[in-house]
Structure formats: C-alpha cells, structure tokens
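Reader: I would like to go through this protein residue by residue and then as a whole. Please show the sequence and the structure before we start.

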Amino acid sequence: MRKPNLAPETLDAALYRGPDQYEIERRTIFAHSWLLIAHESQLPDTGSYVATNVAGYPLIVVRGEGGKLRAFHNVCRHRAGPLAYDGEGRCEGQLVCRYHGWRYALDGRLANARDFGPAEGFDPRDFALFGIACESWRGFVFVNMDAKAAPLAQTVAPLEAKTRDMPLESFRFWRRQTHEIRCNWKNYVENYLEGYHLPIVHPTLNEQVDGSKYHVDVEPPAIFHWAPPRGDAPMSGLWGWLWPCHGINAYKDGLMMERMWPVGHDRIVLDYLYCFPDELSEADRERPLLSSTVITAEDVKIAEAVQRNLDAGIYSTGRLSPRHEMGVAWFQSEVLAATRQP
C-alpha cells in the first residue's frame with residue numbers, strides 16, 4: 001500500500017456511475033481484498049454457517065469438524081444453485097444444494113451427486129466447492145477470494161496496534177443493523193473518511209466532540225479519526241476504517257464493525273455488527289446504537305443527495321482539502337491503482 005497522494009483534484013464523477021466501472025471494481029478490488037463476513041460467535045457449532053453476498057459474489061463460511069472455519073463460493077458445481085440462502089443457519093453434517101440436492105462435506109468435497117450413477121467422465125473429486133481463504137482476527141472472520149493474498153495479519157496490523165489493550169476476545173455478536181443506501185459505494189466510503197462535513201451534517205455529534213481539533217491519520221491500509229470528546233460521549237473510543245470498505249467503532253465497553261458493501265453500481269448495503277461482552281447491560285448496549293442511528297440517517301441523506309448530483313452530469317472533478325481530506329485522497333489513489341488496466 002502506498003502513502004497518501006494528496007492530489008488537488010478528486011476522482012472524475014464518471015467513476016461513480018455506470019455498471020462498467022462497478023464490474024471493474026468487483027474484479028480488481030473486492031475479489032482481491034480481505035472482507036469481514038461475521039463474528040465467530042455467529043458460528044458456534046459444527047455445521048453453523050453464515051451466507052452473504054458482497055459485490056455480487058455469493059459467499060458462505062461454515063464451521064467444520066474440529067472447529068475449523070472454511071469459506072466457499074456459495075455456488076453448487078452442478079448448475080450454480082445456492083448451498084444456503086443469505087443469513088445464518090446450521091446444517092446437519094453436510095451442505096446441501098437448495099436446487100437439486102447435491103451434498104458437500106464441510107471441507108467442500110462433493111459427497112453425493114443425487115441420482116448420478118457411475119458415469120464416464122464424471123469424477124466427484126473434480127467437483128468440490130470453490131474454496132476461498134478464511135482467517136480470523138480476534139474473533140472477527142474475514143475471507144479473501146485471491147489465492148495469492150497476503151495473510152490477514154498484514155492488513156489488520158494498524159488496527160491490531162490500536163486495539164492491543166482492548167479485550168476484543170471477550171466480545172460476542174449481539175445485533176446487526178442494516179441500511180440500504182442509493183449511492184455508489186465509493187461515495188459513502190469517502191464520506192466516512194473525512195470530518196470536514198461534521199459541523200454541517202452532524203450538529204449533534206459536533207456538540208459532543210471538539211471539531212476544531214479533529215484530525216485524520218492515514219496508516220495504510222487503515223485510516224483513523226480522532227477528536228477529543230466533550231464529556232462522556234459514546235464515540236469516545238477508537239474510530240477508524242480498513243480497506244476497502246470497513247468501519248471500526250470501538251466504545252468503552254464494546255465494538256461496532258461496519259460493512260459498506262456494494263450490491264450494484266448505484267446501491268450499497270450498510271451493515272452494523274454490534275459486539276459486546278456478555279455481562280454488559282441492555283441499556284449500555286442500546287446507547288451507542290441509538291447514537292449511530294441518528295448519525296447514519298444524516299450520512300445517508302447527504303450521500304444520496306451527492307449521488308444525485310454526481311449522476312446529473314454537471315460536475316466532473318473538484319478539489320480536496322489538504323487539511324481535512326487526506327484520507328479521501330489516499331483512498332482515491334488506491335482505487336485508481338487497483339483498477340488501472342494494463
């Protein structure tokens with residue numbers, strides 16, 4: 001990962017609209033990045049699984065024998081049926097295609113092709129599920145579709161350094177909150193990466209932190225925000241982001257991880273995964289959730305308005321603030337580097 005390139009101009013607006021650019025980003029960014037899928041507590045037993053879709057890629061993580069987690073493309077080798085519908089569940093020893101009933105062992109091997117007898121040219125060993133890399137970081141499960149990807153530890157190293165003294169292993173998944181937003185994924189990520197808009201878009205939050213001392217630290221592939229809180233604000237802990245689309249919000253007694261996942265060139269699904277220690281009261285869990293709900297509504301409103309203007313064809317490029325938008329500059333330089341065609 002490169003150091004930030006503080007270019008004076010923004011990305012061209014054309015890169016925020018149209019399916020062709022989205023298809024390039026699917027193949028060059030999301031197919032080669034570590035992506036947060038779940039917390040390990042969502043996969044408690046053998047056969048427990050989490051199935052989801054990110055950037056058009058259907059994925060499934062399952063806990064196998066001996067507690068090992070494995071990840072696969074959620075695609076049967078017969079005629080592309082799903083092994084599970086999106087969500088959490090538990091299978092009894094095998095993953096079974098929901099279309100024609102082909103059965104797979106929890107390590108991905110084809111165990112039974114229903115009603116297929118001995119046939120010339122058909123070897124079950126050639127029809128295992130398409131496996132992908134799966135690793136955990138302090139209870140959080142990530143996958144990567146690139147077989148040559150560097151270990152997860154390399155990506156999360158800046159985050160590990162910031163959270164070394166936090167008892168993350170004691171946290172368990174509590175609740176997911178989901179928002180559908182009508183904008184390009186880069187639009188929403190860039191909004192997350194700067195505090196320049198804080199006094200305009202988030203008046204309540206602006207009263208809780210000292211915006212005059214707000215600053216952003218770029219530590220590739222992570223970006224961290226900091227502003228001194230006024231009083232005991234719920235956002236008084238760590239506030240960061242991890243390439244390509246993850247937000248990290250650490251509170252005094254818990255953690256919320258964000259996924260800013262594209263589901264098309266003009267729409268994202270924003271997932272908040274709240275994790276807390278078991279002994280924390282319901283009231284203390286609700287406090288950061290209520291605060292983030294207000295802030296998110298404000299971000300959604302402005303992001304959708306910005307997307308409308310990007311789509312209008314009037315604006316092409318703008319200027320980035322060297323003081324406030326160095327995180328946006330680094331992100332945009334990474335997008336360009338990843339999607340540059342040979």
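Reader: Is alanine 55 buried or exposed?
Author: The model is a predicted one. Alanine 55 is found in the loop between strand S2 (48-54) and S3. Buried means under 20% relative accessible area. For alanine 55 the relative accessible area is 0%, so alanine 55 is buried.

Reader: What is the phi of alanine 55?
Author: Alanine 55 is not a glycine, yet its phi is positive. The value is about 55°.

Reader: Where is alanine 80, and is it buried or exposed?
Author: Alanine 80 has a phi near 70°, a positive value in a residue other than glycine. Its place is the loop between strand S4 (69-73) and strand S5 (87-90). The cut-off for exposed is over 50%. With a relative accessibility of 53%, alanine 80 therefore counts as exposed.

Reader: Which residues does threonine 155 touch, not counting residues up to four places away in sequence?
Author: Threonine 155 belongs to helix H2 (residues 152-162). Its relative accessibility is 18%, so threonine 155 counts as buried. Leaving out residues up to four places away in sequence, threonine 155 touches Trp34, Pro221 and Leu242.

Reader: Which residue precedes proline 221 across a cis peptide bond?
Author: Proline 221 sits in the loop between S12 and strand S13 (222-226). The peptide bond leading to proline 221 is cis, with omega near 0°. The residue on the other side of that bond is proline 220.

Reader: Which residue does a cis peptide bond join to proline 244?
Author: Proline 244 is in the loop between S14 and S15. Omega of the cis bond is about 0°. The partner is tryptophan 243.

Reader: How do the rings of tyrosine 214 and tryptophan 239 pair?
Author: By the ring-centre rule the protein has 18 aromatic pairs. In the pair of tyrosine 214 and tryptophan 239, the centres are 5.8 Å apart and the planes stand at 85°. Planes over 60 degrees apart count as edge-to-face, so this pair is edge-to-face.

Reader: How many residues apart in sequence are the parts that this pair ties together?
Author: Tyrosine 214 lies in the loop between helix H5 (203-208) and strand S12 (215-219), and tryptophan 239 lies in strand S14 (residues 239-242). Tyrosine 214 is also buried, at a relative accessible area of 14%. The parts tied together are 25 residues apart in sequence.

Reader: How many residues apart are tryptophan 243 and phenylalanine 331?
Author: The ring centres of tryptophan 243 and phenylalanine 331 are 5.9 Å apart with the planes at 55°, so the pair is tilted. Both residues are buried. Tryptophan 243 is in the loop between S14 and strand S15 (246-251) and phenylalanine 331 is in helix H7, so the pair links distant parts of the chain. The separation is 88 residues.

Reader: Which residues do ring pairs link into a cluster with Trp243 and Phe331?
Author: Trp243 and Phe331 are two members of a cluster held by ring pairs. The others are Phe30, Trp185, Trp241 and Trp330.

Reader: Which elements do the buried residues of H1 pack against?
Author: Helix H1 covers residues 19-28, and its buried residues are Gln21, Tyr22, Glu25, Arg26 and Thr28. They pack against strand S3 (57-63), helix H3 (185-192), strand S16 (254-264) and helix H7 (326-339).

Reader: Is alanine 303 buried or exposed, and which residues does it touch?
Author: Alanine 303 is in helix H6. At 1% relative accessibility, alanine 303 counts as buried. Not counting residues up to four places away in sequence, alanine 303 touches Cys183, Asn187 and Tyr188.

Reader: How far apart in space are alanine 312 and alanine 13, C-alpha to C-alpha?
Author: Alanine 312 is in the loop between helix H6 (282-311) and H7. At 48% relative accessibility, it counts as partly exposed. Along the sequence, alanine 312 and alanine 13 are 299 residues apart. In space, C-alpha to C-alpha, the distance is 9.5 Å.

Reader: What is the radius of gyration of the whole protein?
Author: The protein has seven helices and 17 strands. For 342 residues the globule rule gives 20 Å, and the protein comes close to that, so it is as compact as a globular protein of that length. Its radius of gyration is 21 Å.

Methods:
Residues are numbered from 1 along each chain as its sequence is written. This is a predicted model: local features need pLDDT of at least 70, side-chain atom pairs count only at pLDDT 80 or more; totals for chains, interfaces and linings use all residues. Side-chain values use heavy atoms; hydrogens and water are left out. Helices (H or I, at least four residues) and strands (E, at least two) are DSSP runs, numbered from the N terminus. The radius of gyration is taken over C-alpha atoms; the globule rule is 2.2 Å times the number of residues to the power 0.38. Buried means under 20% relative accessible area, exposed over 50%, partly exposed in between (1.4 Å probe, protein chains only). Contact means heavy atoms within 4.5 Å. Rings of Phe, Tyr and Trp (its six-membered ring) pair if their centres lie within 6.5 Å; planes under 30 degrees apart count as stacked, over 60 as edge-to-face and the rest as tilted.
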